[in-house]
Amino acid sequence: MWQSWYIVAMRSRPRRNRKSPVVRAYQRETTVGPEHLIYPLFIHGGDEDVPISSMPGCSRLSPAGLVAEVEAARAVGVNSIVLFPAIPEALKTADGRECFNPDGLIPRSIAGLKERWPDLTVVTDVALDPYSSDGHDGIVSADGRILNDETVAVLCKQAVAQARAGADIISPSDMMDGRIGAIRDALDAEGFAEVSILAYTAKYASAFYGPFREALDSAPKHGDKKTYQMDPANGREALRELALDVSEGADMVMVKPAGPYLDVIRRVRDACELPVAAYQVSGEYAMLKAACERGWLDEAKVVEESLIAIRRAGADVILTYFARHFAAWLAGDRTAAR
Ligand code: PBG
């Protein structure tokens with residue numbers, strides 16, 4: 001009988017390496033733990049935490065809310081955060097100058113956190129959009145163009161103000177040309193040679209940022225971001241941006257968004273020696289949350305799978321709004337779901 005002959009002759013049976021949790025663990029290639037996560041947090045100057053409707057479980061945090069959230073994250077092993085500020089309209093200008101106010105929301109928040117927890121790793125975002133009356137990451141000219149070099153000069157001041165307040169890692173998300181080298185020089189000139197730069201290297205012009213812009217009221221008032229953020233259709237362009245950021249002195253590079261761009265993460269991972277970060281953005285969070293809230297997906301399992309996939313693609317570090325809750329779940333019974 002052909003069938004039984006074939007089965008007898010089948011010496012290689014991959015299922016043997018899946019037969020029990022212990023044996024499965026032998027061949028598990030990818031892990032994800034709190035040490036791989038950076039937790040993005042939204043802050044504002046108000047006294048209340050204000051829930052963000054399109055990002056269930058996330059709020060614009062008050063100063064007290066920020067402290068409570070960081071405390072809870074640290075308790076489950078997440079010791080890196082990145083801060084995003086919601087700035088009142090009255091402080092927004094065409095040149096976004098509030099971004100380098102030494103008494104602004106971000107410098108005050110960093111100083112407060114570092115005073116309390118000197119070993120907390122604080123990452124800051126460098127771009128003008130939270131501070132821009134146009135809602136763009138750069139300065140907009142009278143005829144609607146984004147001015148590159150004028151913007152870079154302001155970003156350097158923003159980076160120095162953040163470093164002076166105690167930021168550990170400066171993270172330019174603006175996608176202007178030449179900003180990594182310029183910010184490196186500005187930091188070094190002011191005595192901040194130890195402050196790192198995590199470059200948003202391949203940041204795509206993505207519709208998955210929608211909930212984030214709602215969270216910060218920072219959507220562009222006109223036009224889109226396609227003259228500075230990358231076309232989702234492109235992979236080679238990411239490698240061109242990577243070569244520039246590496247040559248300009250980036251310490252770490254980032255791909256954003258993460259889930260829909262796993263191929264780009266892999267290409268960047270294979271093309272450089274630096275740590276690679278990936279940002280599981282607001283829209284990725286909102287999609288998973290919405291399905292889980294309806295009971296259509298199992299949250300703990302699907303979040304872990306999404307993070308494992310990003311790590312498997314080649315990311316060393318992941319920025320994710322799930323950081324605290326995922327780490328809490330890991331700190332519980334992490335074998336139960338396997
Ligand atoms: C702004 C910035 C954005 C995000 C991080 N920094 C939005 C944008 O570029 O429009 C998006 C993050 C997210 O969607 O979670 N420079």
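Which cavity is the space taken by the ligand? In this predicted model, the ligand's space is the largest cavity.

## Overall fold

The protein contains 12 helices and 12 strands. Its radius of gyration is 22 Å, close to the 20 Å that the globule rule gives for 338 residues, so the protein is as compact as a globular protein of that length.

Along the principal axes, the C-alpha trace of the protein extends over about 80 × 40 × 40 Å.

## Ligand surroundings

The ligand is surrounded by 18 residues. The closest of these are K203, R213, K256, S282 and Y321.

By residue class, the shell around the ligand comprises eight nonpolar, three polar and seven charged residues.

## Polar contacts and burial

Side chains of S173, K256 and S282 each place a polar atom at a short listed distance from the ligand. For S173, a polar side-chain atom is 2.7 Å from a nitrogen atom of the ligand. For K256, which is also among the closest residues, an N or O atom of the side chain is 3.3 Å from a ligand nitrogen atom.

S282, another of the closest residues, has a side-chain N or O atom 2.7 Å from an oxygen atom of the ligand. How much of the ligand's area does the protein bury? Taken alone, the ligand exposes 400 Å², and the protein buries 100% of that.

Definitions and conventions: Residues are numbered from 1 along each chain as its sequence is written. This is a predicted model: local features need pLDDT of at least 70, side-chain atom pairs count only at pLDDT 80 or more; totals for chains, interfaces and linings use all residues. Side-chain values use heavy atoms; hydrogens and water are left out. A residue is near a molecule or strand if one of its heavy atoms lies within 4 Å of it. A polar contact is a pair of N or O atoms within 3.5 Å; within protein, one must be able to donate a hydrogen and the other to accept it, and residues adjacent in sequence count only if both atoms are side-chain atoms. Accessible areas come from the Shrake-Rupley method with a 1.4 Å probe; for residues, only the protein chains shown count as cover. On a 1 Å grid over the protein atoms alone, a cavity is a set of points where a 1.4 Å probe fits but cannot get out, and a pocket is an open set with protein on both sides within 12 Å along at least five of seven lines; lining residues have an atom within 4 Å of a point. A molecule sits in a cavity or pocket if more than half of its atoms lie within 2 Å of its grid points. Ala, Val, Leu, Ile, Met, Phe, Trp, Tyr, Cys and Pro count as nonpolar, Asp, Glu, Lys and Arg as charged, and the others, Gly among them, as polar. Helices (H or I, at least four residues) and strands (E, at least two) are DSSP runs, numbered from the N terminus. The radius of gyration is taken over C-alpha atoms; the globule rule is 2.2 Å times the number of residues to the power 0.38.
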